[in-house]
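Visitor: Please look closely at one aspect of this model, the packing of its helices and the empty spaces left between its residues.

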Amino acid sequence: MQRLFVNTSQVVTCAGPARARRGAEMADAGVLPSGAVAIEADRIVAVGRQAELEGRFPHAERIDCEGGVLAPGLVDSHTHGIFGKPRFEEQELRAAGVGYMEIAKRGGGIHSSVRDLRARSEDDLYALAVPRLAKLMAHGVTTVELKSGYGLSLDDELKSLRVIQRLQAALPVRIVATFLGAHEIPLEYRAAPRNRTEYVDLLVHEMIPTVAAERLARFADIFCEPGVYTLDETRRILGAARAHGMLLKLHADELEPSGAAELAAELGATSADHLAAISEPGIAALAASETVATLLPGTMLFLGRARQAPARALIAAGGAVALASDFNPGTSPTVNFPLMLTLAVSQLKLSVGEAMVAATVNGAAALGLAAETGQLAPGFSADLALFDIEDIRELPYWYGDHRCRRSWARGNACHA
Ligand code: NIG
Ligand code: FE
């Protein structure tokens, strides 16, 4: 079945090579005034002027965009969307001067979500995730990465990943699964009689092989940060993941610089995420690599930290920057992805075009999907978001607002 999207004020194509955009390439999001898009089943077949496409596809079903802006479905390449209870009590602690790591040392933070998730059933977690993802889709997201990482035992990590597998089968949004068994050292391995090396052994010898054998995750990720996983432990864990065929991601240089970005580049990770505390050599290493720098400005905003990732320096050095929500109960409890575009412009100093490329093409590249989604161009998946605005610059402008009218993933309605 052919469908033709007509009567737009703009089509933002983000079209170009099927790979991450780097440096100056990020500036051009490809705005087509009053453009149209033709799709056939789950694929885009043409993008161009409305009159021309109406001539080429006279029998297509018309979808009236009513003067809105049509863009590639947004790609949220970093979320921790599988969790139980919220952690609102930590906000006031931070406001009173207790830092994120200090809360974790007291057994809160990630540990608090771990205790909670371990007590929940797979069905319960599934039921909690569905409406949360529906809200993310309602903001124009048509591809989302979901991490495990609040289980931190073989059974509880598998439980989380099976929830993701069920969501993949049930929801229209494209879902990419990431194994984050190395999100923290579980409390029971932080004190005698056990020790952290035993947990790293468990990850390397049992958890990663099982997750890989059951094909439950495309990526393995780790919180490589002083106080959590060391560089040496990261090397060991991600080395095992790679040996089992998984692609790699790192939470790198989020709070303190430690050489994690350099390690991400050295390991050939698909993305290095956070980077608010990246060093100059880290910037140079990422820029010289294929690793996408995924920035999460909502996290620094919510944690109340003054320093955001040096997005301009990363782009000036020739790096590829992506944007993601980091949706999670501790540091970024938001599903408002367009708000990340606002923060990208106001805090990271990106242009709107750069922010759109970061939220589409480069997000897709951060998931190894640059040839599949993130662009409105022939051959790409029919992943589209229609926004109730007349100019794409309004999307970051009306901040905190809800402007997505409809969206489609693989040609199927994602949000109506
Ligand atoms: O990306 N930094 C580690 N992981 C998450 C936070 C997880 C949590 O606090 O629950 C992040 O910010
Ligand atoms: Fe994260």
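Guide: What follows takes the enclosed spaces, then the helix contacts, then the open pocket and two backbone details. The model is predicted, so local features need pLDDT of at least 70 and side-chain atom pairs count only at pLDDT 80 or more, while totals for chains, interfaces and linings use all residues. Residues are numbered from 1 along each chain as its sequence is written, chains are lettered from A and ligands numbered from 1 in the order in which they are written, and side-chain values use heavy atoms, leaving out hydrogens and water.

A cavity is a set of points, on a 1 Å grid over the protein atoms alone, where a 1.4 Å probe fits but cannot get out; a pocket is an open set with protein on both sides within 12 Å along at least five of seven lines, and lining residues have an atom within 4 Å of a point. Points are joined across faces, edges and corners, and a volume is the space filled by probe spheres set on them. The count comes to 2 cavities of 30 Å³ or more.

The largest cavity has a volume of about 100 Å³. Its lining is made of 14 residues, and those nearest its centre are His-80, Tyr-100, His-183, Asn-328 and Thr-331. By class, this lining has 4 nonpolar, 7 polar and 3 charged residues, where Ala, Val, Leu, Ile, Met, Phe, Trp, Tyr, Cys and Pro count as nonpolar, Asp, Glu, Lys and Arg as charged, and the others, Gly among them, as polar.

The second largest cavity holds about 40 Å³ of space. Around the second largest cavity lie Asn-336, Pro-338, Leu-339, Thr-342, Leu-395, Trp-398, Tyr-399, Gly-400, Asp-401 and Arg-403. They divide into 5 nonpolar, 3 polar and 2 charged residues. Helix H13 gives the most to this lining, with 3 residues; helices (H or I, at least four residues) and strands (E, at least two) are DSSP runs numbered from the N terminus.

H13 (residues 337-346) also packs on H14 (residues 352-359), with the axes 9 Å apart and at an angle of about 135°. That angle makes H13 oblique to H14: under 35 degrees counts as roughly parallel, over 145 as roughly antiparallel, 65 to 115 as roughly perpendicular and the rest as oblique. Axes are lines fitted to C-alpha atoms, for helices over the stretch in contact, with angles from 0 to 180 degrees between N-to-C directions. H13 passes H14 in a right-handed crossing; right-handed means the near helix is turned clockwise from the far one by less than a right angle, left-handed anticlockwise. Phe-337, Leu-341, Ala-344 and Val-345 of H13 touch Val-352, Ala-355, Met-356 and Ala-359 of H14, contact being heavy atoms within 4.5 Å. This contact has 8 nonpolar, no polar and no charged residues.

Helices H6 (residues 154-170) and H7 pack with their axes 10 Å apart, at an angle of about 25°. H6 is therefore roughly parallel to H7, and the crossing is right-handed. On the H6 side the contact consists of Leu-154, Glu-157, Leu-158 and Leu-161, which meet Glu-206, Met-207, Thr-210 and Val-211 in H7. The classes here are 5 nonpolar, 1 polar and 2 charged.

The axes of H9 (residues 260-267) and H10 (residues 280-287) come within 8 Å and cross at roughly 20°. H9 and H10 are therefore roughly parallel to each other, with a left-handed crossing. Ala-261, Glu-262 and Ala-265 of H9 meet Pro-281, Gly-282, Ala-285 and Leu-286 of H10, giving 5 nonpolar, 1 polar and 1 charged residues by class.

As for open space, the largest pocket contains about 160 Å³. The residues that line this pocket are Arg-19, Ala-20, Arg-22, Thr-270, Glu-290, Val-292, Ala-365 and Ala-370, of which 4 are nonpolar, 1 is polar and 3 are charged.

Two loops complete the picture. In the loop between strand S10 (174-182) and helix H7 (196-213) sits Pro-193, and the peptide bond from Ala-192 to Pro-193 is cis, with omega near 10°. Ala-41 lies in the loop between strands S4 (35-40) and S5 (43-49); although not a glycine, Ala-41 has a positive phi of about 55°.
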